[in-house]
Amino acid sequence: MIQDIETIYQDDDIIVVSKPSGVIVIPDQHTNESKTLVGILKKQLNQKIWVVHRIDKDTTGVLVFAKNAESHRNISMQFENSQVYKKYIALLSGVLEENEGTINKPILISGRDVSIDITGKESITKFKVLERFKSYTLVEAIPLTCRRHQIRIHFWSLGHPLAIDAEYGVSDPIMLSGLKRNYKEKKCEAEKPLISRLTLHAQSLTLTLPSSGIEKTFEAPLPKDFELTLKQLKKYAR
């Protein structure tokens, strides 16, 4: 179990962390609070914290929490008024033709179900292609609205879901043997995946600090599995 969460920034009002893969933000019916990000941080800081926004269990990257009720109200309003600027890095399945664009498709959320539906709420994602490979595309995605699974379902709607996404695409891991010609497996050692979870990373987040009113950007570097995958794609899948 993850013992400590990497802190990117903290003051009297907020803490910004780099969320690892495989940990959920708040408790659900299957997970006790002590095994969630909010539970781990409460123990780490020895104080109550307030959840402002969430990212999926297997998504990595920047996440901000409030350390008091007033800051929670302040930052929540920034999110509600689209004053928080977020940037994601996503590895998509297939080769996306457009160099950049805007996906403007309403998303309907009904219980646990998420769908693109004309009766849903306005949902907008801007994107820019960073690099293309033989069977994948690396993009920068900027959600202008905050809907559940927004980036995932928007790219799925273009026919280019995340490279690994069990809900909207495929769950198969990316293996070096699938990229490298004449790959030879090591004796007595099963091949390990380059990456086997959601290929989505919350790279940066910009907001206004509650007390000072200063705008600040926080960044989280790509985790090792994502970085290694890109390294091998550049080497063997151009």
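**Buried charges and salt bridges**

Visitor: Why does aspartate 165 count as buried?

Guide: The relative accessibility of aspartate 165 is 1%. Buried means under 20% relative accessible area, exposed means over 50%, and partly exposed is in between, using a 1.4 Å probe and protein chains only. Aspartate 165 comes in under that lower cut-off, so buried is the word for it.

Visitor: What am I looking at here, by the way?

Guide: This is a predicted model, where local features need pLDDT of at least 70 and side-chain atom pairs count only at pLDDT 80 or more, while totals for chains, interfaces and linings use all residues. Residues are numbered from 1 along each chain as its sequence is written, and side-chain values use heavy atoms, with hydrogens and water left out.

Visitor: What makes aspartate 165 and arginine 152 a salt bridge?

Guide: A salt bridge needs a side-chain nitrogen of Lys or Arg within 4 Å of a carboxyl oxygen of Asp or Glu. For aspartate 165 and arginine 152, the N to O distance is 2.7 Å, so the pair passes. The two residues sit in distant parts of the chain, 13 residues apart: aspartate 165 is in the loop between α3 and β11 (200–208), and arginine 152 is in helix α3.

Visitor: Is arginine 152 buried or exposed?

Guide: Arginine 152 is buried, because its relative accessibility is 6%. These two partners also belong to a network of salt bridges, which links Asp56, Arg152, Asp165 and Glu167.

Visitor: How many salt bridges turn up in the whole structure?

Guide: Eight. Take glutamate 131 and lysine 234, whose side chains meet at 3.8 Å, N to O. These partners are 103 residues apart, with glutamate 131 in strand β9 (residues 124–132) and lysine 234 in helix α4 (residues 224–236), so here's another link between distant parts of the chain.

Visitor: Which label does glutamate 131 get, buried or partly exposed?

Guide: Glutamate 131 is at 17% relative accessibility, so buried it is. Its partner, lysine 234, has a relative accessible area of 37%, which makes that residue partly exposed.

Visitor: How do you know that glutamate 33 forms a salt bridge with lysine 42?

Guide: Check the closest N and O atoms of glutamate 33 and lysine 42: they are 3.3 Å apart. That is within the 4 Å limit, so the pair counts.

Visitor: And why are glutamate 33 and lysine 42 called partly exposed?

Guide: Glutamate 33 has 34% relative accessibility and lysine 42 has a relative accessible area of 26%. Both values fall between the two cut-offs, so both residues get the middle label.

Visitor: How much of the chain is buried?

Guide: Buried residues make up 43% of the 238 residues.

Visitor: How many helices and strands does the chain have?

Guide: The chain has four helices and 12 strands. The radius of gyration is 19 Å, close to the 18 Å that the globule rule gives for 238 residues, so the chain is as compact as a globular protein of that length. That radius is taken over C-alpha atoms, and the rule is 2.2 Å times the number of residues to the power 0.38. Helices (H or I, at least four residues) and strands (E, at least two) are DSSP runs numbered from the N terminus.

Visitor: What box do the C-alpha atoms fill?

Guide: Along the principal axes, the C-alpha atoms fill roughly 60 × 45 × 35 Å.
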